[in-house]
Amino acid sequence: MCGIFGYVGAKNSVDIVLNGLHRLEYRGYDSAGIAGLHQGKIVDCKEVGKVDTLEKEVKEAGIVLDVAIAQTRWATHGKPSQVNAHPHFDENRSLALVHNGIIENHEVLKRYLQEEKGVTFLSETDTEVIAHLISSYYEGDILNAVQQAVARLEGSYAIALIHRDFPDQIIAVAHESPLVVGIGRKEAFVASDTHAFAAHTREVVFLSNSEIAVVSPEKLEIFDSSMEQIEKQTEQLSIVVEDVSKGKFEHFTLKEIYEQPQAIRNAMLSRYLEDYGTAVLEELNFETHELQGIERILIIACGTSWHAGYIAAYMIEEKARIPVQVEISSEFRYKNPIVQPGTCVIAISQSGETADTLAAMRELKAKGAKVIAICNSHGSSMAREADACIAQRAGPEIGVASTKAFTSQLVILALLTLLLARMRHMDKHEGQAFLENLQKLPDQVKKVLEQAPHIEAIARQYAHHENFFFLGRGYMFPTSLEGALKLKEISYINANGYPAGEMKHGPIALINEECPTVALCGNKATYDKLLSNLNEIKARNGKIIAIAEESQKGLEKVADAIIRVPDSLDELASIPTTVVTQLLAYYIAHARGANIDQPRNLAKSVTVE
Ligand code: AGP
């Protein structure tokens, strides 16, 4: 969940490495560090906090480095501190390394190194074990020492290492953690993701499991898990490096909320046929009979992507009449799944690097299932390993709280639903009506964004509360889960999403003046039932903020505040409603002075278990 970066070449390593680290900060930002060789010695600087803090220290110290490595951290073992920050070293500082992942057998190895090798540890991290283990095998051949040490590691690890005896190379190791090498003109890069060095080169080699690379300015040698040297194809990145700025917005999160009309258009662009009322998903390289032969769908995802999958389950079952099982990847990966013939897997992930979803996907592929990935990151592990990947085209999402990626996932899932439904019993007219409503979404979201001042006023009124419920029925239940997650993530308020009908089976005990309810009314099929549930809350002095469609009546008596959204089909109403919950969470977090783009304890891409 950390971001690692390395550079070997003739240019000013410090600037290149720090710039790369800034681009990886979404992966973790509780501490950062850099180390490199200069005049035959390893020089380093480590700081608690953001990359900016590290950059300031490095510049003030006037540090100059030749080959260099660095890391921005999301702590797994050992709290954020200067000594626990990466890089880590062996006892005589002959080598330095940075790591992304978790060494699951670090305690056993630590005891072995302390007792058998008399090593003294400086930090509380699992990573420091790797440095001392490699050093314990070192007899002049660093590659051999790394190969022996890696053979004893259990867990996930992407490592970049430098050694003072090898001033013009970086050793890179990848196992169950993403790592890519960038090949430049007389220079080379190592990073957790291509975005970090794409401004310098587009020629890349993705390291696969258990591969070790010796990276030099003009040579790249790669060894597989049996230590055989192998040739790997370089790939040309097609991504455009966007210097993603906030523009006129105070936060990336707010900017990305406002980018949703365009993100929705991008997700739909040339992916439907109005005349036939159906969808066209070119990346879906499945034969027609395979799509017609789908008898059940299994959706795997985490967090916000799981919420998108949950909403899609309602839609696919209702519109395409295909049974859907939605699974949280971290739970599912340890199940021994039953994959019957006719099972199609949909893996949803903004980053395409979420470790649990990747592992669940690999397990299902091993069971013979075909996997459709829906990703927003070109070149990500999931995009490369799935049988088909439908690109979200939402553009880079920097804010840790996922917003535009969620709504663009819903649009793609709606198009997939339409495609499968039209291949079954849905007729052209119903398909065209569904498309018409999809095409209204960008303007409907725009109308919601125009209500931002109204939503902000309500948010400021309720920002002091420490507990919230988000309630909904039908499609609005998983939508309420997403609304609650957004508020949790960026304002640190305890918010619970709940099926409205479930409240009286216990949670209603929490309702009082201090625990407001956000009521998501957009599921017209069960609106009357929801109104009764809201009356039950009102009867217990609960405050209610209702998000309702323009045509929905009878709320004035029960709700303390109402935010109106344009009418839409129940199966698509999650999108305009979610934009309201995003803005509500944003303005509440803003009123509480929270760090909205980089909330505490979180990271944008969760690459560890
Ligand atoms: C959402 O706001 C969070 N950042 C988090 O729940 C996220 O959705 C989850 O980690 C899944 O990420 P992915 O879509 O990149 O797989």
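How do strand β9 and strand β10 pair, and over how many bridges? They pair in the antiparallel sense, over 4 bridges, with β9 covering residues 180–183 and β10 covering residues 187–191. Keep in mind as you look around that this is a predicted model. Below is a quick tour: sheets first, then cores, the ligand, and a few residues worth finding on screen.

**The open sheet**

- Zoom in on the β9 and β10 pair, and you'll find V180 standing opposite A191 in β10.
- Both strands belong to an open sheet of 8 strands, with antiparallel pairing.
- If you walk across that sheet, the order is β3-β2-β4-β1-β10-β9-β11-β15.
- The edges are taken by β3 and β15 (235–236); each has a single partner strand, so one side of each has no neighbour in the sheet.
- As background, strands of a sheet pair through backbone hydrogen bonds, and they can do that either parallel or antiparallel.

**Parallel pairs**

- Strand β18 (residues 296–301) and strand β19 (residues 324–328) run parallel and share 5 bridges.
- One spot to look for in this pair is L298, whose bridge partner in β19 is Q325.
- Add helix α9 (residues 303–320) to β18 and β19, and you get a right-handed β-α-β unit.
- Another parallel pair is strand β26 (residues 544–549) with β27, again joined by 5 bridges.
- Here I545 stands opposite A561 in β27.
- In a regular strand, side chains alternate between the two faces of the sheet.
- Strand β27 (residues 561–565) shows this alternation: A561, I563 and V565 point to one face and are buried, while I562 and R564 point to the other face and are not buried.

**Nonpolar cores**

- The largest nonpolar core has 91 residues, and those with the most contacts inside it are L284, I297, I346, V411, L438, F468 and L583.
- Helix α13 (residues 404–422) gives this core its largest share, 12 residues.
- Apart from that core lies another one, of 29 residues, including I142, A145, V150 and F166.
- Back in the largest core, F468 is a good residue to click on: leaving out residues up to four places away in sequence, F468 touches Y462, L487, I493, N494, A495, N496, C515, P516, V518, I545 and I588.

**Around the ligand**

- The ligand is surrounded by 15 residues, and the closest are S305, S349, S351, T354 and E489.
- Side-chain N or O atoms come up to ligand oxygen atoms in two places: 2.6 Å away for E489, and 3.1 Å away for K486.
- Q350 takes part through its backbone instead, with a polar backbone atom 2.7 Å from an oxygen atom of the ligand.
- S351 lies in the loop between β20 (343–349) and α11 (355–366).
- Is S351 buried or exposed? With a relative accessible area of 10%, S351 is buried, because the cut-off for buried is under 20%.
- The side chain of S351 makes a polar contact of 3.4 Å with the side chain of S349, and one of 3.4 Å with the side chain of T354.
- Setting aside neighbours within four places in sequence, S351 is in contact with S377, S380 and S605.

**A buried threonine after α18**

- T607 sits in the segment after α18 (574–591), and counts as buried at 1% relative accessibility.
- Its side chain makes a polar contact of 3.3 Å with the side chain of N100.
- Not counting residues up to four places away in sequence, T607 touches M1, C2, R27, N100, P178, E353 and A355.

**Backbone oddities**

- Most residues other than glycine have a negative phi, and most peptide bonds are trans.
- Q39 has a positive phi near 50°, and Q39 is in the loop between β2 (31–38) and β3 (41–48).
- Q39 is also exposed, at 68% relative accessible area.
- M227 has a positive phi too, of about 60°, and sits in the loop between β13 (219–223) and β14 (229–230).
- M227 is partly exposed, with a relative accessible area of 30%.
- H86 and P87 are joined by a cis peptide bond, with omega about 0°.
- You'll find P87 in the loop between β4 (68–73) and β5 (88–89).

Conventions: Residues are numbered from 1 along each chain as its sequence is written. This is a predicted model: local features need pLDDT of at least 70, side-chain atom pairs count only at pLDDT 80 or more; totals for chains, interfaces and linings use all residues. Side-chain values use heavy atoms; hydrogens and water are left out. A nonpolar core is a set of buried Ala, Val, Leu, Ile, Met, Phe, Trp, Tyr and Cys residues joined through side-chain atoms within 4.5 Å. Buried means under 20% relative accessible area, exposed over 50%, partly exposed in between (1.4 Å probe, protein chains only). Helices (H or I, at least four residues) and strands (E, at least two) are DSSP runs, numbered from the N terminus. Contact means heavy atoms within 4.5 Å. Two strands pair if DSSP finds at least two bridges between them. A crossover is right-handed if, with the strands pointing away from the viewer, the path from the first strand over the helix to the second runs clockwise. A residue is near a molecule or strand if one of its heavy atoms lies within 4 Å of it. A polar contact is a pair of N or O atoms within 3.5 Å; within protein, one must be able to donate a hydrogen and the other to accept it, and residues adjacent in sequence count only if both atoms are side-chain atoms.
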